[in-house]
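User: I am new to reading protein models, and I would like to see how each label is justified by a value. Could you take my questions one at a time?

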Amino acid sequence: MRHTPGPWKWEGYLLVRNCKTRGKRVAVAEINTTAHLRDGEREANMRLIEAAPKLYDSLKEIMSGQLWTDAERFRRARALFAKIEGNE
């Protein structure tokens, strides 16, 4: 089974993917706005969920044996962590 391809972007609390071939948006997920979460937790969850396709693609590249330099691997990892943590 395959996941919905990225990139995904939040529109309010609805996560969508733009379908370039059909010119439509596809809903991927929705955040429960009534859940009792600590301050900032909902936004942190949203960033992590949005980054999932990029995290998956990066891990797949690493596991495929592509020859990245250590510097390139760490640069990509730092950029992903910054995005997830809201520090991009």
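User: Why is E50 called buried?

Analyst: In this predicted model, E50 has a relative accessible area of 17%, and since buried means under 20%, E50 is counted as buried. This residue lies in helix α1, and, leaving aside neighbours within four places in sequence, E50 is in contact with W8, K9, W10, L15 and K83.

User: What makes the meeting of E50 and K9 a salt bridge?

Analyst: The side chains of E50 and K9 come to 3.3 Å, taken from N to O, and a salt bridge asks for a side-chain nitrogen of Lys or Arg within 4 Å of a carboxyl oxygen of Asp or Glu, so the pair meets the condition. The pair links distant parts of the chain, with E50 in helix α1 (residues 41–63) and K9 in strand β1 (residues 9–11), 41 residues apart.

User: Why is that pair also called a polar contact?

Analyst: The polar contact between the side chains of E50 and K9 is 3.3 Å, and because the cut-off for such a pair of N or O atoms is within 3.5 Å, the value falls inside it.

User: Is K9 buried, exposed or partly exposed, and how do you know?

Analyst: K9 has 45% relative accessibility, and as buried means under 20% and exposed means over 50%, K9 belongs in between and therefore counts as partly exposed.

User: How many salt bridges does a search of the whole structure find, and which residues form one with R25 and with R38?

Analyst: The search finds 3 salt bridges. R25 forms one with E11, where the closest N and O atoms are 3.1 Å apart, and this pair links distant parts of the chain, R25 in strand β3 and E11 in strand β1, 14 residues apart. R38 forms one with E41, where the closest N and O atoms are 3.6 Å apart, and because the limit is within 4 Å, both pairs qualify.

User: What makes R38 exposed, and what are E41 and E11 called?

Analyst: R38 has a relative accessible area of 65%, and exposed means over 50%, so R38 is exposed. E41, at 23%, and E11, at 37%, are each partly exposed, because these values lie between the limits of 20% and 50%.

User: What else does R25 touch?

Analyst: Not counting residues up to four places away in sequence, R25 touches E11, V16, R17 and N18. R25 is found in strand β3 (residues 24–30), and its C-alpha atom is separated by 9.7 Å from that of L15, 10 residues apart along the chain.

User: Which residues make up the largest nonpolar core?

Analyst: The largest nonpolar core has 5 residues, namely W8, W10, L15, I31 and M46. Of these, L15 is in contact with residues beyond four places in sequence, including W8, W10, V28, I49 and E50.

User: How do you know that the span of helix α2 is close to what is expected?

Analyst: Helix α2 (residues 70–84) has 15 residues and reaches 21 Å from its first C-alpha to its last, and this is close to the 21 Å expected at 1.5 Å a residue. Just after α2, G86 takes a positive phi of about 80°.

User: Which element has the lowest mean pLDDT, and which the highest?

Analyst: Among the elements of the protein chain, α2 has the lowest mean pLDDT, 79, and β1 the highest, 87. For the protein chain, the mean is 79, with 88% of its residues reaching 70 or more. Where pLDDT is low, the predicted coordinates should not be read in detail.

Technical notes. Residues are numbered from 1 along each chain as its sequence is written. Side-chain values use heavy atoms; hydrogens and water are left out. Helices (H or I, at least four residues) and strands (E, at least two) are DSSP runs, numbered from the N terminus. The expected span of a helix is 1.5 Å times one less than its number of residues. Contact means heavy atoms within 4.5 Å. Buried means under 20% relative accessible area, exposed over 50%, partly exposed in between (1.4 Å probe, protein chains only). pLDDT is the predictor's confidence in each residue, from 0 to 100. A polar contact is a pair of N or O atoms within 3.5 Å; within protein, one must be able to donate a hydrogen and the other to accept it, and residues adjacent in sequence count only if both atoms are side-chain atoms. A nonpolar core is a set of buried Ala, Val, Leu, Ile, Met, Phe, Trp, Tyr and Cys residues joined through side-chain atoms within 4.5 Å.
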